[in-house]
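Me: I would like to see how the terms for a structure are earned. Please set each value against its definition.

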Amino acid sequence: MLNSNFMVRTSIEKAIQEALKELGAGNVSFVVERPSDMAHGDYSTNAALVAAKILKANPRDIANKLVDILRSSTALGSDSIQKIESAGAGFINFHLSNEALADVVREAVKEGWGNNNIYLGQKVLVEYTDPNPFKEFHIGHLMSNAIGESIARLFEAGGAEVARANYQGDVGVHVAKAIWAKRQKPEMSWGEAYVYGSAEYENNKEEIDQLNKVIYEKTDPEVNALYDQGRKQSLEHFEDIYKTLGTKFDYYFFESETGPLGLDLVHKHSEVFETSDGATIFRGENVGLHTRVFINSKGIPTYEAKELGLVVAKKKRGQFDLSLTVTANETRDFFRVVRAAAERIFPDLEDKMLTRFHGFLKLTTGKMSSRLGNVITGESLIKDLTEEARDREDVAVGAIKFMVLRQNTGKDIIFDPEKSLSLEGDSGPYVQYALVRTRSLLRAAKDAKTTDKEFSNLEIPRVLLHFPEAVARASLELEPHHVATYLTELASTFNSWYASERLIVDGEVSDAALFFVQAIERTLAKGLEVLGIPAPQEM
RNA sequence: GCCCUUGUAGUUCAAUGGAUAGAACAGCUCCGUCCUAAGGAGUAGAUGUAGGUUCGAUUCCUACCGAGGGCACCA
């Protein structure tokens, strides 16, 4: 159900609609938004500007007329709006009453604060992280995980039933490379073996390709045993990382499963595919895309066919209303083609398959990037940051996730390790620390004597007011950064208050003031939860 | 060559077609007896270029310039 602060907004929208009707401007599409400047009130609308265009009238006149109608409107709660005024070129601003603002604080400590019902009752499958067994868990997987986990939680905040899925490549040349290397150098970890095998691939191509065939056909018991061991160890290792990151998957899909499914599917749908040079392809040019190979000339399903097989595998696990995949930017065009093919085979899936893309994470300092030469694994980044953060893994994870989630998904991230941990900026630890302060304050207050001394602060509820909207917008757009941006603002508002006012004085604390602290604590905690960032008790 | 994504203060990021483009870091000026100063207050500073649509454009359209990615048997 919607929170009451949404009701204020909804009632404003309703009142405007009625007022517009009275003016003879029935169907205009206006917005009620948060003004960029708090001096302009708590909500504002461009209704008069839009209506003036239709009525061919002066926007300010229309705004004034609307204000008159709105002031006597019964659609607005009688005591929730303190002031309505026209301003600027024709905006109408709404200032909430102190009573309504006090309500916000009461709402914020209630169960369900920040939730909405955008996806109420829908079944959503979110696929993300997608590392490959036998290979290293790299930074890209970290990004996919951070974004996917947050989106899953945003769906949940929107009332959806979410299943988390992880799709992993447990077959292919990369496996052969790793196993080949492991036989040469058994002392290596699987991740290292893969790196070594890749480097040696060019010089031992025939041998490794032959090994790949042996793995695929399962003809050599010793190789089989190595494969099973490597797969198991990789997956267990990944499981440790998920635990650190705060993710728990419901489904695991593997290419060993989707390959045969995809192969079968492509064979069955000759109306969608055609053969060319011995390969089975999808002619993307017909729909403004490009051609891609689904089954190669050796009869092996490519990644494209496997992705189709994945659709089948997902459907087998149950019906879903939406299926989202979080993956890297460079697969954009690939997904367009695969989706075009998939929608021909499964017309019922049209508009149900969503994708979110992420960019690269680029480290600014050579300090961490030069380690062991080339690849920076996800774990080494977490490990290095944990050391920098005085052995606080939750702070390190928060720092990384926040850097990923504070900006629009899809753009590359310039990752400055020092900045990510800074308590003075726009960072995960900054928000975590504000939360810790509220919690330590609440703990200290337990030993203090509470008084019924009056307390009032209007700025805090005026910021708190917009939390559910930030979450709702993030849910709707599947853009976690709206929440991250909001949390920075709230943390800053709190810190500013905290610095200027001392709450516990001589062992006494105002009950009313504590209520504000509690509301902020709940909001920061919920916000971090939605982002999938750890919410520490102390730092 | 074609297609996709992208260009905002010195730097890293925001801004559902609306008001004076909002933060953070770095810079400059300040603030420590006290709930964890691992903080706070103030100040200066930006929409790649050229057109177009609109009452109004960072946002939509066109061209150009710059950056990243993709375009047949890898994933």
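Me: What makes up the surface near RNA strand B, by class?

Reply: By class, that surface has 21 nonpolar, 18 polar and 23 charged residues. Ala, Val, Leu, Ile, Met, Phe, Trp, Tyr, Cys and Pro count as nonpolar; Asp, Glu, Lys and Arg count as charged; the others, Gly among them, count as polar. This is a predicted model, in which local features need pLDDT of at least 70 and side-chain atom pairs count only at pLDDT 80 or more, while totals for chains, interfaces and linings use all residues. Residues are numbered from 1 along each chain as its sequence is written, chains are lettered from A and ligands numbered from 1 in the order in which they are written, and side-chain values use heavy atoms, with hydrogens and water left out.

Me: Which residues are the closest to RNA strand B, and how many surround the strand?

Reply: The closest are Phe91, Asn296, Tyr433, Arg473 and Arg502. In total, 62 residues surround the strand. A residue counts as near if one of its heavy atoms lies within 4 Å of the strand.

Me: Which helix gives the most to the surface near RNA strand B?

Reply: Helix H20, residues 481–500, with 7 residues. A helix here is a DSSP run (H or I, at least four residues), numbered from the N terminus.

Me: What makes the approach of Ser297 to RNA strand B a polar contact?

Reply: A polar contact is a pair of N or O atoms within 3.5 Å. A polar backbone atom of Ser297 is 2.6 Å from a base oxygen of the strand, so the pair qualifies. For Tyr498, a backbone N or O atom lies 2.6 Å from a base nitrogen. For Leu503, a polar backbone atom is 3.3 Å from a base nitrogen.

Me: Why are H14 and H15 called oblique to each other?

Reply: Angles under 35 degrees count as roughly parallel, over 145 as roughly antiparallel, 65 to 115 as roughly perpendicular and the rest as oblique. Helix H14 (residues 378–388) and helix H15 (residues 393–405) pack at about 120°, with axes 8 Å apart. H14 and H15 are therefore oblique. Leu381, Ile382, Leu385 and Thr386 in H14 meet residues of H15 including Glu393 and Ile400. By class, this contact has 7 nonpolar, 1 polar and 1 charged residues.

Me: What makes H6 roughly perpendicular to H9?

Reply: The axes of H6 (residues 173–184) and H9 (residues 221–245) come within 11 Å and cross at roughly 110°. That makes H6 roughly perpendicular to H9. Their contact has 5 nonpolar, 1 polar and 3 charged residues.

Me: Why is H11 called oblique to H12?

Reply: H11 (residues 303–316) and H12 (residues 332–345) pack at about 50°, with axes 10 Å apart. That makes H11 oblique to H12. Their contact divides into 7 nonpolar, no polar and 2 charged residues.

How values were computed:
A polar contact is a pair of N or O atoms within 3.5 Å; within protein, one must be able to donate a hydrogen and the other to accept it, and residues adjacent in sequence count only if both atoms are side-chain atoms. Helices (H or I, at least four residues) and strands (E, at least two) are DSSP runs, numbered from the N terminus. Axes are lines fitted to C-alpha atoms, for helices over the stretch in contact, and angles run from 0 to 180 degrees between N-to-C directions. Contact means heavy atoms within 4.5 Å.
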